[in-house]
Amino acid sequence: MNIQTEHRHPNTGPTPYDEVYYPGHVYGLTHPNHLATIAAVYGMQSAPVERCRVLELGCGVGGNLLPMAFQYPGSEFVGVDLSGVTIERGQRNIATLGLSNIKLLHCDIMNVDAGFGEFDYILAHGVYSWVPPAVREKMMMIFKQNLAPRGVCYVSYNAHPFSHLRDMVRDMMRYHTRRLTGMKEKVGQARAILKFLSDGSKANSVHGAVMRDQYNRVLKSPDELLFHDDLDDGAEAFLLHEVAEDASRHGLQYLGDADFSRRYLAGYSEEVRATLQRFPESEFMARDQYQDFIDGNGFRRTLLCHDSISLSRQIDLDFVTRFHLLSTTNPVDPDACVTDDSAMEFENQDGSRVTVTNPLLKAAYLCLGRAWPRALSFDELLDGARAVLGDRQADDDQKVLTEAMFILACSGEVSFLLSRPFLLMEATEHPQASLLARRQAQTGPLVTNLLHQTVQLEDDRTRDFLQLLDGARTIDQITAEMTERFGPTIRIDQKDSTGQPAEPLFLSTRESVQRSLAMVGKLGLLVA
């Protein structure tokens with residue numbers, strides 16, 4: 001990795017991020033595989049995720065970038081951040097994992113130049129709204145200067161119209177805490193004043209409803225995020241068209257929203273759907289702007305590309321047949337009949353439910369749920385569904401499945417990816433969990449899976465179990481070590497359908513190990 005500016009440290013003092021650590025997480029919509037997928041939907045061919053270069057501006061500790069580098073050793077990853085403390089922490093994490101395809105640089109965004117080279121994907125999550133105008137201008141210059149010809153840029157920012165309401169309470173909190181400096185005191189007083197003001201407002205007024213809604217948002221926000229995101233004096237929100245027009249001045253164009261499901265209009269009234277659908281292809285951005293006005297959107301994840309790229313906004317019904325499909329669908333009643341036209345209900349990981357009557361679609365839902373976290377090609381899904389039905393086939397099977405997957409993919413019920421993720425669902429005789437997840441589990445319950453998602457481990461026993469999945473131990477050896485630590489019988493606490501405590505389950509250690517291996521596989525933590 002040859003970057004001429006890698007030792008050019010910024011000439012500034014400590015930043016607020018040095019003093020108050022901003023948690024490093026993964027952001028699924030920034031993943032190169034996802035970005036390449038959205039680009040492909042609009043007729044653009046981007047660099048394959050297995051061999052690409054990625055730059056992240058404001059990378060922090062590398063919480064988002066490092067898991068990508070871990071998963072794709074044939075690609076190159078570079079992160080820059082103004083906080084030296086977080087960069088040092090991230091560099092220690094890189095050294096622990098022995099990665100050679102990623103560099104985190106203590107570098108001012110203003111110092112990113114042509115010497116960094118071209119990148120297939122440039123990411124800027126949670127930066128654009130929180131830097132001065134000169135830095136935003138520089139970011140646009142980087143997006144143009146350092147983006148490969150077929151590259152995709154992701155930039156997120158606070159958006160209007162919702163941020164008008166957010167800014168109202170920000171003004172109140174910032175005024176009340178203007179003379180405070182310590183994070184704990186500042187955040188505590190910010191919540192206290194907002195509670196006082198929301199309780200004092202009239203509940204039956206528009207202002208009172210807004211105040212209570214904003215107080216609930218602030219109450220749920222982690223201290224570090226509230227400190228950096230809401231109490232930052234310089235935070236600024238934008239309308240989509242303002243960012244798109246700024247990008248256009250720099251030779252870039254609006255590719256789309258990173259969240260593809262925002263294109264899905266089924267939840268709107270017939271009049272709204274008809275109006276938004278009348279926007280011509282040349283006014284795709286304007287259509288999204290008006291949708292923001294309707295939704296009251298407050299945070300944007302905008303994708304940009306070079307304005308020389310020819311894009312197609314028409315989505316063919318069969319576009320899903322070109323991608324790998326994923327879903328967490330599981331039957332609510334495992335004993336429901338699949339082969340007839342009776343109703344069968346399925347539930348997703350997020351709690352959403354769908355009822356299906358067509359046997360082919362019921363079988364397809366079962367196949368997706370059983371395969372998770374593996375992705376299936378459309379042909380694999382069709383063949384699997386037919387196999388569930390005893391190889392029963394009909395002339396219109398492909399058409400029926402295509403139409404159903406089109407709707408589910410557009411609505412976000414089914415995810416679709418250009419490249420198949422590298423992971424296993426089932427354990428081998430020498431099961432191996434991701435080294436990254438094992439290292440993360442040593443310090444806390446939150447780990448990153450191989451689908452670029454944050455997973456919370458159930459308890460300390462699960463964290464200990466994960467450490468044993470190093471690829472060297474057999475299942476028998478793992479069982480013996482778990483028996484030595486926890487005894488021959490392990491108690492599993494359970495809850496009933498209403499969430500209330502139920503009769504605990506007592507399993508032998510071997511049964512517990514088999515159950516835990518299946519769970520770890522379903523969480524996307526087992527490596528291929």
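User: Hey, which ring does the charged end of Arg-136 sit over?
Analyst: That would be Tyr-128: in this predicted model, the charged end of Arg-136 lies 5.9 Å from the centre of the Tyr-128 ring.

User: And what about Arg-53, which ring is that one over?
Analyst: Arg-53 lies over the face of Phe-119, 4.2 Å from the ring centre.

User: Nice. Switching to ring-ring contacts, how many aromatic pairs are there?
Analyst: The structure holds 14 aromatic pairs. One of them is Phe-279 with Tyr-290, a tilted pair with 5.6 Å centre to centre and 40 degrees between the planes.

User: Where do those two sit in the chain?
Analyst: Phe-279 is in the loop between helix 11 (270–277) and helix 12 (284–295), while Tyr-290 is in helix 12 itself. They are 11 residues apart.

User: Buried or exposed?
Analyst: In between, actually. Phe-279 counts as partly exposed because its relative accessibility is 21%, and Tyr-290 is partly exposed too, at 45%.

User: OK, and why is the Phe-319 and Phe-406 pair called edge-to-face?
Analyst: Their planes are at 85 degrees, so the pair is edge-to-face; the cut-off for that is over 60. The ring centres are 5.8 Å apart.

User: What parts of the chain does that pair link?
Analyst: Distant ones, 87 residues apart. Phe-319 is in the loop between strand 7 (299–306) and strand 8 (324–326), and Phe-406 is in helix 15 (residues 397–411).

User: Are they buried or exposed?
Analyst: Both Phe-319 and Phe-406 are buried.

User: Which residues form a cluster with them?
Analyst: Phe-260, Phe-323 and Phe-416 join Phe-319 and Phe-406 in one aromatic cluster.

Conventions. Residues are numbered from 1 along each chain as its sequence is written. This is a predicted model: local features need pLDDT of at least 70, side-chain atom pairs count only at pLDDT 80 or more; totals for chains, interfaces and linings use all residues. Side-chain values use heavy atoms; hydrogens and water are left out. Rings of Phe, Tyr and Trp (its six-membered ring) pair if their centres lie within 6.5 Å; planes under 30 degrees apart count as stacked, over 60 as edge-to-face and the rest as tilted. Helices (H or I, at least four residues) and strands (E, at least two) are DSSP runs, numbered from the N terminus. Buried means under 20% relative accessible area, exposed over 50%, partly exposed in between (1.4 Å probe, protein chains only). A charge sits over a ring if NZ of Lys or CZ of Arg is within 6 Å of the ring centre and within 35 degrees of the ring normal.
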